[in-house]
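Student: Could you walk me through how to read a protein structure? I would like to take one feature at a time.

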Amino acid sequence: MQTAAATVLFQGDSITDAGRDRARPDDLGHGYAALAAAALPGTPTVLNRGIGGDRLTDLRARWDADTLAHRPDLVSLLIGVNDTWRHHDSGLSSPVDTWEDEYRELLRRLHAHCAPRLVLIEPFLVPVTPDQWAWREDLDPRIHAVRRLAAEHDALLLAADGLLNQAARTAGDPTLIVIDGVHPTDLGHRLLADAWLNLVTGTGTGSDGGSDGGAA
């Protein structure tokens, strides 16, 4: 992919937000988006517009201002786990078929507006408590929906759920990869960044992935 003089936009929830300073439009936070941006070839303009706590409905409300207005050449999108989380801790309903239709409409509008290259990242969960295994009943259909949408829109698909769960099994401790089942540690973010770069540019960061963990 050619990234020189291009605009690359990372969009999503707190996993993408990763503590960015929203008072500074160019701040990328300290997560996978910042790691991936640092290794992109050329001199692209890289923006992070992830917002912690967002469900798909929140992203839809700010889609024009935080996505379309930038006319990005590449959009990387990770959304969905908060729809599952709020279902379990707050009883907020987000039926998967409606969720998929709303996600599809965001992508349709994006293509009609500026037709960027797309990277869709699966929402993921690496359970660290017994009760989180029950979340999979709600999350797994969303993962399959994202896979369908990636195929429909000729998007690159980052299969993050399998990637991080396999890393947790290899590590022998899921909290080395995610802090609370959802938010990656430094190692988890680096794994996401490497996978993202491999998809987009064919190269990873080359890191050994060492980390002592940290909040997204």
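Tutor: Gladly! Let's begin with a term: helices here are DSSP runs of H or I with at least four residues, numbered from the N terminus. Keep in mind that this is a predicted model. As a starting case, Ala 168 is found in helix 8, which covers residues 160-171.

Student: Is Ala 168 buried or exposed?

Tutor: The cut-off for buried is under 20% relative accessible area. Ala 168 has 8% relative accessibility, so Ala 168 counts as buried. Setting aside residues up to four places away in sequence, Ala 168 touches Val 126, Asp 173, Pro 174 and Ile 177. You can also compare sequence with space: Ala 168 and Val 128 are 40 residues apart in sequence, and their C-alpha atoms are 10.0 Å apart.

Student: What should I look for in a nonpolar core?

Tutor: In soluble globular proteins, nonpolar side chains tend to be buried together. Here the largest nonpolar core has 39 residues, and Phe 10, Ile 15, Tyr 32, Ile 121, Leu 192 and Trp 196 touch the most other members. Helix 9 (residues 186-200) gives this core its largest share, seven residues. There is also a second, separate core of 22 residues, which includes Leu 77, Trp 99, Leu 107 and Ala 155.

Student: Which residues is Ile 121 in contact with?

Tutor: Beyond its neighbours within four places in sequence, Ile 121 is in contact with Tyr 32, Ser 76, Leu 77, Leu 78, Val 146, Leu 158, Ala 160 and Trp 196.

Student: How do I describe two helices that pack together?

Tutor: Two packed helices are described by the angle between their axes and the distance between the axes. Try helix 6 and helix 7 (residues 136-152): they pack at about 30 degrees, with axes 10 Å apart. Angles under 35 degrees count as roughly parallel, so helix 6 and helix 7 are roughly parallel to each other. Their crossing is right-handed. On the helix 6 side the contact includes Trp 99, Tyr 103 and Leu 107, and on the helix 7 side it includes Pro 141, Ala 145 and Val 146.

Student: What does helix 5 pack against?

Tutor: The buried residues of helix 5 are Val 81, Asn 82, Asp 83, Thr 84, Trp 85 and Arg 86. They pack against helix 1 (14-17), helix 3 (56-61), helix 6 and helix 7. After helix 5 comes Gly 91, with a positive phi near 70 degrees. The loop between helix 5 (81-89) and helix 6 also holds Ser 94. Ser 94 is buried, at 13% relative accessible area, and among the residues it touches are Arg 55, Asp 83 and Arg 142.

Student: What about phi in residues that are not glycine?

Tutor: Most residues other than glycine have a negative phi. Arg 71 has a positive phi of about 45 degrees. Arg 71 sits in the loop between helix 4 (63-66) and strand 3 (74-78), and is partly exposed, with a relative accessible area of 47%. Ala 115 also has a positive phi, near 50 degrees. Its place is the loop between helix 6 (96-113) and strand 4 (117-121), and Ala 115 is exposed at 52% relative accessible area.

Student: Which residues does UniProt list for a domain?

Tutor: An unreviewed UniProt entry lists residues 12-191 as "domain: SGNH hydrolase-type esterase". Over residues 12-191, the chain is 46% helix and 10% strand, and the end C-alpha atoms are 18 Å apart.

How values were computed
Residues numbered from 1 in each chain as written. Predicted model: local features only at pLDDT ≥ 70, side-chain atom pairs only at ≥ 80, totals over all residues. Heavy atoms only, no water. Core = buried A, V, L, I, M, F, W, Y, C linked by side-chain atoms within 4.5 Å. Buried < 20%, exposed > 50% of the residue type's maximum accessible area, 1.4 Å probe, protein only. Helix = DSSP H or I, 4+ residues; strand = E, 2+ residues; numbered from the N terminus. Contact = heavy atoms within 4.5 Å. UniProt positions renumbered as here; feature names shortened; annotations may be inferred. Axes fitted to C-alpha atoms, helices over the stretch in contact; angles between N-to-C directions. Parallel < 35°, antiparallel > 145°, perpendicular 65-115°, else oblique. Left-handed = near helix turned anticlockwise from the far one by under 90°.
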